[in-house]
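The following questions and answers examine one helix and the core to which it contributes.

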Amino acid sequence: MATQPTDIDANGALPHAVAPAPCADGIAVSSLNACTGPDMIAQWAALEAISSEPNPFYSSWGLPPALKAFDPDGRLEILQFWAAGELCGLLPLQRSGSYYGYPIPHLRGWMHDNAFCGAPLVAAGHEGEFWSALLDHLDAHPSHSLFFHLEGLAEDGALFRSLADIVTARRATCAIVHREERAMLASPASAEEYFAASMSGKKRKELRRQYNRLSELGELRFERRRDAHDLADWANDFLELEAAGWKGAAGSALASDPRTAALFADMLNGAAGIGKLERLALYLDDRPIAMLANFLCPPGAFSFKTAFDERYSRFSPGVLLQRENLDILQEPSIEWTDSCAAADHPMIERIWREKRSMVRLSVGIGGKLRQAAFRQLLKAESGSEIMGTE
């Protein structure tokens with residue numbers, strides 16, 4: 001496939017004037033500004049509907065507000081893969097001079113701190129074509145980059161399997177440099193069956209006791225919504241609830257930074273507008289004491305953010321809310337839910353029994369000398385698992 005030429009400035013970024021050319025197959029690279037016209041947004045949304053693996057953080061409603069918050073100058077690049085005049089792949093790219101604290105220039109799939117998946121959007125059935133076109137493009141336009149780095153890719157997904165096949169066929173060097181397993185919900189069981197299998201009878205009895213004691217403090221009610229009714233107020237309540245706890249004290253709450261606060265509200269609005277938001281809350285006398293936002297991206301879902309009132313910790317409001325969240329198992333269009341939680345999370349792993357293996361990987365790009373230097377880097381990086389053939 002032909003690779004379209006791009007005009008990259010001295011800082012490795014593209015001017016806003018560069019726009020994708022949907023009539024030409026292959027790779028196109030542009031700024032976000034060139035991707036926000038109605039025709040491109042329509043193509044982007046159509047791609048989301050047929051993607052091999054869903055990723056709300058690279059969606060047409062998830063990525064633009066993130067770039068607005070964290071890339072206001074438009075330095076990042078939006079790489080698109082076109083086939084037969086249709087958008088069949090999309091990935092935000094960053095040219096970075098630092099690799100986990102080391103001064104090593106490289107290209108990477110861009111993620112912000114509140115993005116929990118780095119899988120590119122790729123039309124199902126086009127995975128191999130996408131990776132081949134992407135690697136051809138990076139080989140031809142490496143600039144100063146030593147390699148391509150991607151994180152947040154599901155190890156059991158079609159994208160990872162296809163990439164492994166491609167790098168092997170190309171005899172390229174590719175390595176898994178980090179792997180972690182996080183909680184996932186994926187079961188044919190009912191919510192009641194799943195909960196009974198996850199927690200012992202003694203623990204379930206204790207949770208019922210906590211619910212009863214909490215009910216004695218006021219009117220306790222649970223609410224689940226998939227619409228946009230009072231969404232702005234709901235989002236503000238969530239931000240206040242999270243900021244009142246340990247995350248607020250540590251400066252890591254969403255409300256601690258106006259950019260992440262705005263991103264949270266924008267993503268919820270975008271998801272709600274197309275029916276992809278599910279929000280749950282546990283109220284005590286109409287005050288939220290536990291809240292949760294899910295993104296519904298069939299065949300999967302992503303448990304984006306949760307918060308609870310730490311003043312009621314002895315009643316386990318977060319666990320009570322997660323008990324209600326198990327009803328997502330009955331949603332016909334959802335086969336699995338990613339917890340988006342850190343590995344070994346002390347609360348969610350008490351309930352969710354399945355695991356999702358997420359990997360970070362690096363692929364050598366460019367000519368022989370660059371590839372040789374990359375292989376030396378891999379030898380110095382402990383724990384690397386070579387996938388390709390040298």
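A polar contact is a pair of N or O atoms within 3.5 Å; within protein, one must be able to donate a hydrogen and the other to accept it, and residues adjacent in sequence count only if both atoms are side-chain atoms. Helices (H or I, at least four residues) and strands (E, at least two) are DSSP runs, numbered from the N terminus. The model is predicted: local features need pLDDT of at least 70, side-chain atom pairs count only at pLDDT 80 or more, and totals for chains, interfaces and linings use all residues. Residues are numbered from 1 along each chain as its sequence is written, and side-chain values use heavy atoms, without hydrogens and water.

Q: At the start of helix 9, which residue has a side-chain oxygen that reaches the backbone nitrogen of Arg259?
A: The backbone nitrogen of Arg259 lies at the start of helix 9. The side-chain oxygen within 2.8 Å of that nitrogen belongs to Asp257.

Q: Why are the buried residues of helix 9 on the same side?
A: Buried means under 20% relative accessible area, exposed over 50%, partly exposed in between (1.4 Å probe, protein chains only). The buried residues of helix 9 include Leu263, Phe264, Met267 and Leu268. They lie on the same side because the directions from the helix axis to their C-beta atoms cover an arc of only 160°.

Q: Which residues does Phe264 contact, leaving aside its neighbours within four places in sequence?
A: Contact means heavy atoms within 4.5 Å. With those neighbours left aside, the partners of Phe264 are Trp234, Ala235, Phe238, Leu239, Leu254, Phe304 and Lys305.
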